[in-house]
Amino acid sequence: NPKEFLFVYISRLNQESHLLEIFTLLGIPKENIIKIETPTKFEKIIVPEPSLRLNDYYHEDFRKSVAVNYKQNKKNKKIFFTRSNKNGRSFGQFFIDKLMFNNGYEIINAEKFSLVEICKILQNCSHFASTSGTNMSNSIFLPKGSKVICFNRSSHLHPLQLMIDKMLELDIEYVDCHFKSKRINFSSGPYFFWPSKTFLSFSSKFPKKVNNLSLFARYFLVII
């Protein structure tokens, strides 16, 4: 019973951080979560063993606690997490946003929502799409077996994402749509999206298809 224990942590996060809200979904009262900032003595301390090793191992208890929407009944809701409105390391994504919007996906900037709000947005999601990276990692909050599209921003496999795919049995498709460069490493960027042959072939599956001539004309106007 989580109401019978104190949950203590050491972190740079302050007690108002929305990241702590995830514990409310697990039934842990907010008043039972304490940040340790000075030397503190307890009668008894239970230190749980790690339930996750990044990229290659997770315990079943990790999935049960973090994949909070795992057993939700899916509804026909399509969500696309965008990063187009953020000045960052990825550029030229607008044509992906347009394809998703034209084909019934709700465009959402995940950074405007708290972690709990993200969980609630994705709980009824049957189709999810995003670019590779941290936005795609939110797929851990999807219902089991959701259909997922990952638009690759670089020629790298993300082992953490592959583990999430397996954990939730996601029906995922990866689409390469970027300029290839050997100088781009796993996490630094910058990343440049490009309407590649793979993307154009992929987009042809949708009811509302891409106008190739218009797409390339606008792409170069935006970049220039």
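1. Glu111 is partly exposed, with a relative accessible area of 47%. In this predicted model, the side chain of Glu111 forms a salt bridge with Arg83, and the closest N and O atoms are 3.5 Å apart. The two residues come from distant parts of the chain, 28 residues apart. Glu111 sits in the loop between E7 and H3, while Arg83 sits in the loop between E5 and strand E6 (90-91).

2. The salt bridge of Glu111 and Arg83 belongs to a total of seven salt bridges in the structure. Another of them joins Lys144 and Glu169, at 3.8 Å from N to O. This pair also links distant parts of the chain, with the two positions 25 residues apart in numbering. Lys144 is in the loop between helix H4 (134-137) and strand E9 (147-152), and Glu169 is in the loop between H5 and strand E10 (171-176). Lys144 has a relative accessibility of 37% and therefore counts as partly exposed. Glu169, at 46%, counts as partly exposed too.

3. A further salt bridge is formed by Lys147 and Asp171, whose closest N and O atoms are 2.9 Å apart. Here the partners lie in strands: Lys147 in strand E9 and Asp171 in strand E10, 24 residues apart. Lys147 is partly exposed at 41% relative accessibility, and Asp171 is partly exposed with a relative accessible area of 40%.

4. Glu169 deserves a second look for its backbone. Most residues other than glycine have a negative phi. Glu169 is not a glycine, yet its phi is positive, at about 50°. The residue is located in the loop between H5 and E10, and its side chain takes part in the salt bridge with Lys144 described above.

5. Lys147 also appears among the contacts of His127, a residue of strand E8. Leaving aside residues up to four places away in sequence, His127 touches Asn76, Lys77, Lys78, Ile79, Tyr105 and Lys147. The C-alpha atom of His127 is separated by 8.1 Å from that of Ile149, although the two positions lie 22 residues apart in numbering.

6. Strand E8 (125-131) is also part of what covers helix H3. Is this helix enclosed or open to the outside? H3 (residues 115-122) is largely enclosed by the rest of the structure, because six of its eight residues are buried. The buried residues are Leu115, Val116, Ile118, Cys119, Ile121 and Leu122. Their cover includes strand E5 (77-81), strand E7 (106-108) and strand E8.

7. How many disulfides does the structure hold? The count is zero. Cys150 is in no disulfide, and the nearest cysteine sulfur, in Cys177, is 8.7 Å away. For Cys177 the closest cysteine sulfur is in turn that of Cys150, and the 8.7 Å between them is too far for a bond, given that a disulfide needs the sulfur atoms within 2.5 Å. Both cysteines are buried: Cys150 has a relative accessibility of 1%, and Cys177 has a relative accessible area of 0%.

8. The largest pocket has a volume of about 1,700 Å³. Its lining consists of 42 residues, and those nearest the pocket centre are Phe7, Val8, Phe23, Ile28 and Pro48. Strand E1 (7-9), helix H1 (60-66) and helix H5 (159-168) are the elements that give two or more residues to this lining. By residue class, the lining divides into 33 nonpolar, six polar and three charged residues.

9. Some overall figures give the setting for these points. The protein has seven helices and eleven strands. Of its 224 residues, 40% count as buried. Among contacts between residues at least 6 apart in sequence, 67% join residues that are at least 24 apart. The salt bridge of Lys147 and Asp171, 24 residues apart, links strand E9 to strand E10, and that of Glu111 and Arg83 links two loops.

Note on methods. Residues are numbered from 1 along each chain as its sequence is written. This is a predicted model: local features need pLDDT of at least 70, side-chain atom pairs count only at pLDDT 80 or more; totals for chains, interfaces and linings use all residues. Side-chain values use heavy atoms; hydrogens and water are left out. Buried means under 20% relative accessible area, exposed over 50%, partly exposed in between (1.4 Å probe, protein chains only). Helices (H or I, at least four residues) and strands (E, at least two) are DSSP runs, numbered from the N terminus. Contact means heavy atoms within 4.5 Å. On a 1 Å grid over the protein atoms alone, a cavity is a set of points where a 1.4 Å probe fits but cannot get out, and a pocket is an open set with protein on both sides within 12 Å along at least five of seven lines; lining residues have an atom within 4 Å of a point. Grid points are joined across faces, edges and corners, and a volume is the space filled by probe spheres set on the points. Ala, Val, Leu, Ile, Met, Phe, Trp, Tyr, Cys and Pro count as nonpolar, Asp, Glu, Lys and Arg as charged, and the others, Gly among them, as polar. A salt bridge is a side-chain nitrogen of Lys or Arg within 4 Å of a carboxyl oxygen of Asp or Glu.
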